[in-house]
Amino acid sequence: MKDLQNGLKTSVNRRSFMKRGLTAAGAATVSAGLLGNGLSAASEGPEEKSGRLTPGDAAILRFLAAAEILETDLWQQYNELGGIQDSEVPGGNGNPTYTAALAVLDADMDQYIHDNTEDELTHEVFINAFLASKRADTVNLDEFRTLPSSQATGAQQIGRLTNLMQLTVDTSWWTRYRVGNKNPDFGDTFDQAVPSLNVGQHPAIPRTDDDLTPNDHIQAIANTAGFHFGTIEQGGTSLYPSLAQRVTHPEVLRIVLSIGPTEAMHFQTWSDKAGNAPPLTDPKDPTLVFPDLNSPPFGGEKFQTNLIMPEPTIFLSRKLPACSIVRPTATKGAAMGALKFLTAMGLFIGQSPAFFELMTDLAEDADEARRGRG
Ligand SMILES: [Fe+2]
Ligand SMILES: [Fe+2]
């Protein structure tokens, strides 16, 4: 896998999208580039090169490549401390105490974390390689690998793209998939499974070895990770079908239709494991409470932990029968919605304005994509 990553850096890292310090003169250069690609000066299309792809397809794939790079970065941090250490996902040494706390949710958590990490890495590498094969510009976020690593035993000391030590975790996917008469695409909102995770900032990995004790504290961190896994992967589960509706070329459609469901496979697994997080109060942060989801005031169809398959719900029209579906899947503004969702969870705390500028640009270009005739 390391070879794949290194290969990517030499073969497809031909251009970075730095828009930092874009002045009036810089904007003029961008316009000239548009003209150079044969697009009209009045066109508001993406500035990047799309090669043999339509500009919309290239923009959607670039946003997905960026999202996968960010996913890989966060999953790698989890794997270094709580996954299986091997040549497929190299980097860390493992943290036995954190790994044991994760194993309370499922004995195979380390394997699942490893495999999820490897999957994201292949998504990132494949999408960028496909873009390059069509002579379209690729995505490289290496300049933004500036956030600190965990100082706990087992973590590699390198710059990161994402922050896992101050997270605000939206756990409303738990009830969103359990209630049968609501759909976020109809404007509905949903209760949190763990309300206190959705406020304040919580570590999902041990920050230092001080976080390894007492037992209930490192368990609270592992529980936070357990819910964060589901939060991240339900996002990917919605993002792919949302963007698929606006791709043009059948091969690009095949890519998003083939990667998207693997995000759903991840989500389904994490949805099951999060339900095993033991109820507790974090002794070092008494505001963080993991409730017993099977007992009042929780429990029932909205919270019961073994109800891990999607409850059928309203889809497209209230006049149509209920259907078991991924939700949300509305396509309008889906890329920007995903970026806002990741930003709101604190994943990018400490990132530079240039990072947000670039990510916003990639999301806007993806959301401008329209389905065409290729
Ligand atoms: Fe992915
Ligand atoms: Fe994913």
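**Figure 1. Surroundings of Thr 237 in helix α7 of the predicted model**. Thr 237 is classed as buried because 26 C-beta neighbours lie inside 10 Å, the threshold for burial being 20 or more. This residue belongs to helix α7, which spans residues 215–244. Apart from neighbours within four places in sequence, the contacts of Thr 237 are Glu 263, Ala 264, Phe 267 and Val 326. One of these partners, Val 326, is 89 residues away from Thr 237 along the chain, yet the two C-alpha atoms are separated by 7.2 Å.

**Figure 2. The largest nonpolar core and the contacts of Ala 366**. This core comprises 81 residues, of which Ile 60, Phe 63, Ala 66, Ile 205, Leu 243 and Ala 366 touch the most other members. The greatest contribution comes from helix α3, residues 55–82, which supplies 15 residues. In soluble globular proteins, nonpolar side chains tend to be buried together. When residues up to four places away in sequence are set aside, Ala 366 touches Ala 59, Ile 60, Phe 63, Leu 243 and Ala 335.

**Figure 3. Packing of α9 against α10**. The axes of α9 and helix α10, the latter formed by residues 353–368, come within 7 Å and cross at roughly 150 degrees. Because angles over 145 degrees count as roughly antiparallel, α9 is assigned that orientation relative to α10. On the α9 side, the contact involves Ala 334, Ala 335, Met 336 and Leu 339. Their counterparts in α10 are Met 359, Thr 360, Ala 363, Glu 364, Ala 366 and Asp 367. By type, the residues of this contact comprise seven nonpolar, one polar and two charged. Ala 366, listed here on the α10 side, is also among the core residues that touch the most other members.

**Figure 4. Two cis peptide bonds preceding proline**. The bond from Thr 213 to Pro 214 is cis, with omega near -10 degrees. Pro 214 lies in the loop between α6 (173–176) and α7 (215–244). A cis bond also joins Arg 327 and Pro 328, where omega is about 5 degrees. Pro 328 is placed in the loop between β2 (285–290) and α9 (334–344).

**Figure 5. Positive phi at Arg 135 and Leu 316**. Arg 135, although not a glycine, has a positive phi of about 60 degrees. This arginine occupies the loop between α5 (109–133) and α6. Arg 135 is partly exposed, with 13 other C-beta atoms within 10 Å. At Leu 316, likewise a residue other than glycine, phi is positive and near 70 degrees. Leu 316 is found in the loop between β2 and α9. Its 12 C-beta neighbours inside 10 Å place Leu 316 in the exposed class, for which the limit is 12 or fewer.

**Figure 6. Overall architecture and confidence of the prediction**. The protein contains 10 helices and two strands, arranged along the sequence as α-α-α-α-α-α-α-α-β-β-α-α. Of its 374 residues, 45% are buried. Among contacts with a separation of 6 or more, 73% link residues 24 or more positions apart. The average pLDDT is 90, and 87% of the residues score at least 70. Over residues 1–46, pLDDT stays under 50; for this segment the model has 44 contacts beyond four places in sequence.

Definitions and conventions: Residues numbered from 1 in each chain as written. Chains lettered and ligands numbered in written order. Predicted model: local features only at pLDDT ≥ 70, side-chain atom pairs only at ≥ 80, totals over all residues. Helix = DSSP H or I, 4+ residues; strand = E, 2+ residues; numbered from the N terminus. Contact = placed C-beta atoms within 7 Å. pLDDT = per-residue confidence, 0-100. Core = buried A, V, L, I, M, F, W, Y, C linked by C-beta atoms within 7 Å. Axes fitted to C-alpha atoms, helices over the stretch in contact; angles between N-to-C directions. Parallel < 35°, antiparallel > 145°, perpendicular 65-115°, else oblique. Nonpolar A, V, L, I, M, F, W, Y, C, P; charged D, E, K, R; others polar.
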